Structure formats: C-alpha cells, structure tokens
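Grab your viewer and work through these exercises with the model open. Each one comes with a step-by-step solution, so try it yourself before reading on.

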Amino acid sequence: MRVAHRPLAQLPEPARAAITERTGKGCTIADMECGDSSGVAALLTPPLGGERVFIKGLPQDHERAGELDREAAVNPHLPPYAPRLLWQARAGGWHLLAFEGLTASPWADFHPGSAHLAPTAALLSDLATRLAPDIPLMTAWDRWGPYCDPDDQELLTGDRLLHTDPTATNVMIAPDRAWLIDWAWAARGPAWADAAIWALRLVVDGHHTPEQAHAHALHIPAYATAPRHGLRVLAEAEARSWEDWQAYGTTGLERTVTAARAFADYCADIAADETGERRRDAAAP
C-alpha cells in the first residue's frame with residue numbers, strides 16, 4: 001500500500017518539536033518526493049555544517065507503522081552500507097526514525113551502461129555473504145510464500161540477511177561507495193534472493209531485457225550458483241505479487257507488472273533448459 005506524503009512542516013507541533021529538540025533550530029529542510037512507504041521523508045541540514053539527518057515517519061496508528069519498528073530493530077545489525085539509525089521518537093501521534101544523512105545520488109541509475117551497476121552488484125555480492133542476525137525477522141517464505149507452491153518452501157529457506165527490495169530508489173551511489181537504504185522488509189533467506197530481485201528490478205527500473213538483466217546478475221556469485229528452479233520460483237512469486245496489487249486496484253503498475261512478468265517467464269525458460277540438460281546428462285551412456 002502506497003503512503004501519501006506530507007511536508008515535514010505539516011506534522012503536528014509536538015512531532016516537529018521532538019525533531020527540533022534533537023536536531024536544533026534553523027535546519028534547512030528538503031522534503032523527499034520519491035518512496036511509497038513513509039508519510040514524511042525529509043533531509044535536514046544544520047545551519048552550521050553539522051551532521052545531516054534523514055527523517056522518515058508514519059502515524060502511529062497507520063497499518064504500515066510496524067515497518068518502522070522492524071527497521072529500527074534490525075538497524076544495529078546491518079552492514080556498513082546501510083545508514084545508521086541515530087534516534088527515534090514518538091510524538092504528536094507519529095513514529096519518527098532519524099538516520100544519518102547521505103551525500104549521494106538521489107537514487108541509482110539501473111539503465112544499461114550505467115556506472116551504478118557495478119557498485120550495486122558489489123554491494124549485493126557482499127550482502128549475500130552475511131548471516132542474518134539472531135533477532136526476530138520475517139523469512140523469505142513469509143515475504144513470497146503466499147504466491148508460491150507450498151512444495152517450494154525449501155527453495156526460499158536460508159540463513160542470510162536479506163533486504164528483499166533492492167529497487168533503484170533504495171540504492172544510492174556516493175563517490176566512494178554504494179548505499180542500500182530502507183530496510184523495513186529485512187528478512188532471513190537464501191543468499192541469492194536479493195540478487196534475483198535486483199535482476200528483476202533491472203528490467204523494471206532500468207529497462208533491460210531479461211537476458212541483459214540475467215547477465216548482469218551473474219556477476220554476483222550467489223546468483224551465479226543459485227538453483228535455476230529457485231530463481232523461477234522467486235521471480236514468479238514477485239510477478240504474481242505485482243499482478244495481485246494491480247488486481248486489487250493499485251494504479252500506475254502497468255510497466256512494473258509487464259516487466260516483472262517478462263523476467264519471470266525468462267527464469268521459467270532457463271529453469272526448463274537446466275532440467276532438460278540434466279535429463280540429457282542422465283540419459284547419456
């Protein structure tokens with residue numbers, strides 16, 4: 001469910017006071033336009049050059065408010081390319097999270113030939129090696145299982161930390177690193193899952209063909225060694241989820257649905273090719 005944005009200046013006075021108490025007065029405020037998960041999202045710059053702060057928040061009674069609790073809980077356990085949580089506050093009926101403000105691109109460019117592809121692949125290669133922390137997290141099966149055959153649960157089971165939503169708007173590129181932001185849907189699952197979703201997003205966000213996206217994702221070792229049937233299951237689940245949102249009445253999803261379906265169909269084809277190769281190998285004298 002998308003969340004309607006409002007400028008930070010329109011927050012209730014107690015919520016604005018809670019922010020000022022922590023950041024000081026006179027900050028320059030840049031309200032963010034992108035993103036569908038925060039009621040307020042703004043970058044605050046202190047007048048005398050102190051640390052910039054990114055504020056995001058939702059009304060405490062919003063149906064997605066639990067995402068902020070999950071993001072706050074997982075933040076201390078995240079890798080160094082996730083912005084650190086500075087503080088959180090509940091005031092004026094709002095739950096607010098404050099993260100270190102980044103100096104980076106507004107969001108990544110996933111189009112063919114972009115200089116952002118290699119650092120994003122490097123980041124996801126590292127993430128695939130990281131074990132999930134020993135805290136309550138949803139699993140990949142929790143995230144995508146409703147769109148899968150129950151027999152496929154083992155394919156989406158694993159012990160690695162997942163972001164689960166590596167879209168172009170959740171990757172920011174700085175001169176010296178890539179950042180992965182918005183960990184509200186952090187999960188535990190197979191090492192290759194984020195790379196597979198990134199490949200799908202290369203088609204959705206970057207207008208790659210499925211073949212091009214697959215080729216780029218192969219630079220991520222966990223993806224290169226992933227079971228092709230697992231890629232098929234995950235891509236199909238992601239495509240079905242977007243089709244479900246469209247059927248529910250969410251507008252503006254035509255390109256996302258079409259691109260996700262194209263990648264899912266491609267993954268089904270390569271899974272079928274792998275199955276055929278195994279059968280031929282088994283039949284060979």
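**Exercise 1.** Find how many bridges join strand 8 to strand 9, and work out which way the two strands run.

*Solution.* Keep in mind that this is a predicted model. Start with the ranges: strand 8 covers residues 171-174 and strand 9 covers residues 177-180. Next, count the bridges between them: there are four, and the strands run antiparallel. For one pair to click on, take Met172, which sits opposite Trp179 of strand 9. Finally, look at the connection: two residues make the hairpin link from strand 8 to strand 9.

**Exercise 2.** Decide whether Glu100 is buried or exposed, then list what Glu100 touches.

*Solution.* First, locate the residue: Glu100 belongs to strand 5, residues 94-100. Then check the accessibility. Glu100 has a relative value of 14%, and buried means under 20%, so Glu100 counts as buried. Now go through the neighbours, skipping anything up to four places away in sequence: Glu100 touches Glu51, Arg52, Phe54, Ala82, Pro83, Arg84, Leu86 and Trp179. With Arg84 there is a side-chain polar contact of 2.8 Å. Last, try a backbone distance: the C-alpha atoms of Glu100 and Val53 are 5.0 Å apart, although 47 residues separate the two along the chain.

**Exercise 3.** Explain why strand 3 can be called largely enclosed by the rest of the structure, and find the strands it pairs with.

*Solution.* Begin with burial: strand 3 spans residues 53-59, and six of its seven residues are buried, so the rest of the structure largely encloses this strand. Then move to the pairing with strand 2 (residues 40-45), which is antiparallel and has five bridges. There, Ala41 has Lys56 of strand 3 as its bridge partner. Strand 5 also pairs with strand 3, again in the antiparallel sense, over seven bridges. A pair to check here is Gly57 opposite Leu96 of strand 5.

**Exercise 4.** Work out the strand order in the open sheet of three strands, and say which strands stand at its edges.

*Solution.* The order is 6-10-7, with mixed pairing. Strand 6 (138-139) and strand 7 (160-162) each have a single partner strand, so they stand at the edges and one side of each has no neighbour in the sheet. Zoom in on strand 7 and strand 10 (residues 187-189): three bridges join them, and they run antiparallel. In this pairing, Leu162 faces Ala187 of strand 10.

**Exercise 5.** Identify the residues that touch the most other members of the largest nonpolar core, and the helix that contributes the largest share.

*Solution.* The core holds 61 residues, and the ones touching the most other members are Leu156, Trp183, Tyr223 and Phe263. Helix 5 (residues 193-206) supplies the largest share, ten residues. A second core lies apart from this one; it has 17 residues, including Ala15, Cys27, Trp87 and Ala98. As background, nonpolar side chains tend to be buried together in soluble globular proteins. Now select Leu156 and list its contacts beyond four places in sequence: among them are Trp141, Trp144, Pro190, Trp192 and Val233.

**Exercise 6.** Count the aromatic pairs, then sort out the geometry between Trp245 and Tyr248.

*Solution.* The count is three aromatic pairs. Trp245 and Tyr248 make one that is edge-to-face, with ring centres 5.7 Å apart and 90 degrees between the planes. Both residues are in helix 8 (residues 228-248), three residues apart, or about one turn of the helix. On accessibility, Trp245 is partly exposed at 34%, whereas Tyr248 is exposed at 68%. While you're on rings, check Trp185: the charged end of Arg70 sits over that ring, 5.2 Å from its centre, and Arg143 lies over its face at 4.9 Å from the ring centre.

**Exercise 7.** Compare phi and burial for Thr164 and His207.

*Solution.* Thr164 has a positive phi, near 75 degrees, without being a glycine. The residue is in the loop between strand 7 and strand 8, and at 1% relative accessibility Thr164 counts as buried. His207 also has a positive phi, near 60 degrees. That residue lies in the loop between helix 5 and helix 6 (210-217), and at 47% His207 counts as partly exposed.

Conventions: Residues numbered from 1 in each chain as written. Predicted model: local features only at pLDDT ≥ 70, side-chain atom pairs only at ≥ 80, totals over all residues. Heavy atoms only, no water. Phe/Tyr/Trp six-rings, centres within 6.5 Å; stacked < 30°, edge-to-face > 60°. Buried < 20%, exposed > 50% of the residue type's maximum accessible area, 1.4 Å probe, protein only. Lys NZ or Arg CZ within 6 Å of the ring centre and 35° of its normal. Core = buried A, V, L, I, M, F, W, Y, C linked by side-chain atoms within 4.5 Å. Contact = heavy atoms within 4.5 Å. Pairing = 2+ DSSP bridges. Polar contact = N/O pair within 3.5 Å; in protein donor to acceptor, adjacent residues only side chain to side chain.
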